[in-house]
Amino acid sequence: MILFQGFRKLKTVTALAMVFGGSGCATKLAAADQHEDRVSPSTVDVSPTPVKEDIVQRCTTRTMSASWAEYYRSMSELKRNSGIGVVGTVSTVGETVQPDIGPLFQLVTISVDQLIWNRDGKADVPKSITFEQTGGVAAGSKFELEGDPLFSVGEQAIIFFTEFSPGKYRVTGGPTGRFGFQNGRISPVTDDGIKVAEGTTVEQLLQL
Amino acid sequence: MNITNVFKATKQVGRRYKQLPILLLVAACMVSVLSSSAQAYNLWGFRWFTTPTSGCCLNRSVKSFTMSSFLTTDAWYAWTNGIAWWSHNNNASINVNMSYASSSTVKVWEVQNPNVTWDGLSSPTFMGGGQFATMDMFLNTTWAGGYSWQKRLSVTSHEVGHMLGLDHRSGACTLMQPDSFTRWDSCGVNSATADDINGVNSLY
């Protein structure tokens with residue numbers, strides 16, 4: 001019941017503009033700045049006057065920082081803890097959502113181009129997978145988890161997933177479970193995860 | 001002592017003094033390495049503005065919270081201890097005091113979200129001049145609910161470290177190690193280490 005508390009009282013935020021698509025900065029203004037208790041400058045109890053442009057400046061990235069329950073630095077660990085791994089293309093990035101309690105997030109859908117890891121021989125791997133990414137665009141700023149950049153529509157990626165309940169997926173190991181992918185070559189997303197040389201192929205990645 | 005021995009002794013002293021510059025160089029390198037490892041913490045680049053001009057300490061309020069405002073008592077204890085253990089009152093070498101107030105820009109929460117793999121998260125907003133404006137800290141008990149209380153404390157203490165202005169530090173057994181397995185299961189760290197304290201004290 002409470003497992004989905006995060007989804008229980010969602011306030012889907014108003015999208016005022018869709019200029020660049022995906023997670024493009026300043027395209028989606030969320031309700032976070034309307035939630036007085038959370039970010040209104042009126043609650044600020046430190047003394048100096050806020051520099052206006054610093055608060056409302058468009059396209060500014062605001063970094064959040066996390067402690068990770070899953071975080072892998074070897075490919076064997078990542079594969080052992082992932083049900084599937086796919087090469088895919090991000091097809092949609094939903095509006096940024098501000099839950100009543102919890103950080104901003106967006107729902108990302110990836111179309112599966114190739115299944116590269118299937119630990120349990122799952123027969124019905126979906127053609128597209130929707131998952132939650134912490135962060136989003138709100139109040140003219142991009143909110144992003146450190147080391148886990150927001151996905152953009154059209155972006156190709158390699159992502160390892162855990163199906164934590166039937167039909168529901170999350171990225172295994174946070175930023176350590178995803179890799180950039182372009183022209184058949186892999187690039188790491190974070191320099192603190194699995195060490196992948198620039199230009200590594202999928203076959204080489206799976207052998208690491 | 002005959003004259004031959006005197007010559008031998010003089011030669012030995014001469015050799016020793018020849019090696020002196022090398023020894024001094026090695027010593028200087030060791031001091032340099034040790035001092036750099038003592039300042040290995042990483043800073044987020046933001047801090048709370050209200051630092052006193054004299055005496056101790058940064059006094060930071062955290063919004064009062066009651067047990068009933070959390071889904072689990074485990075989360076309440078984890079935040080209470082995480083905040084208390086980072087305080088000058090419990091460790092005189094830390095230049096920070098934290099207290100509870102009915103209203104504060106620092107708030108702690110509990111979420112239960114199985115869609116993500118973070119067990120703790122700090123979400124700040126910023127003002128100009130490298131200052132935090134607000135900070136919301138979350139404990140995700142989808143994960144942390146299954147931890148021992150000591151490991152849960154390693155998560156909340158870690159987030160309080162962020163709240164004070166520390167960034168992650170990988171590759172060392174410090175509180176700011178980004179993953180809980182390494183931080184607690186491998187390193188056994190659930191409160192501020194000397195490195196973390198040095199980082200915070202460099203800010204306040």
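1. Pro99(A) lies in strand 4 of chain A, the strand that covers residues 97–99, and it should be kept in mind that the model is a predicted one. Pro99(A) counts as partly exposed because 17 other C-beta atoms lie within 10 Å, whereas a buried residue would need 20 or more and an exposed one 12 or fewer. The C-alpha atom of Pro99(A) is separated by 40 Å from that of Glu203(A), a residue 104 positions away along the chain.

2. Strand 7 of chain A, residues 141–145, is mostly covered, with 5 of its 5 residues buried. In a regular strand, side chains alternate between the two faces of the sheet. In strand 7 of chain A both faces are covered, since Ser141(A), Phe143(A) and Leu145(A) are buried on one side, and Lys142(A) and Glu144(A) are buried on the other.

3. Strand 7 of chain A runs parallel to strand 2 of chain A, residues 60–68, and 5 bridges join the two. In this pairing, Thr60(A) has Ser141(A) of strand 7 as its bridge partner, and Ser141(A) is among the buried residues named above.

4. Strand 7 of chain A also pairs with strand 6 of chain A, residues 128–138, in this case in the antiparallel sense and over 4 bridges. Here Gly136(A) has Phe143(A) of strand 7 as its bridge partner. Strands 6 and 7 of chain A form a hairpin with 2 residues between the strands, and in that hairpin Ala139(A) takes a positive phi near 50 degrees.

Terms used:
Residues are numbered from 1 along each chain as its sequence is written. Chains are lettered from A and ligands numbered from 1 in the order in which they are written. This is a predicted model: local features need pLDDT of at least 70, side-chain atom pairs count only at pLDDT 80 or more; totals for chains, interfaces and linings use all residues. Two strands pair if DSSP finds at least two bridges between them.
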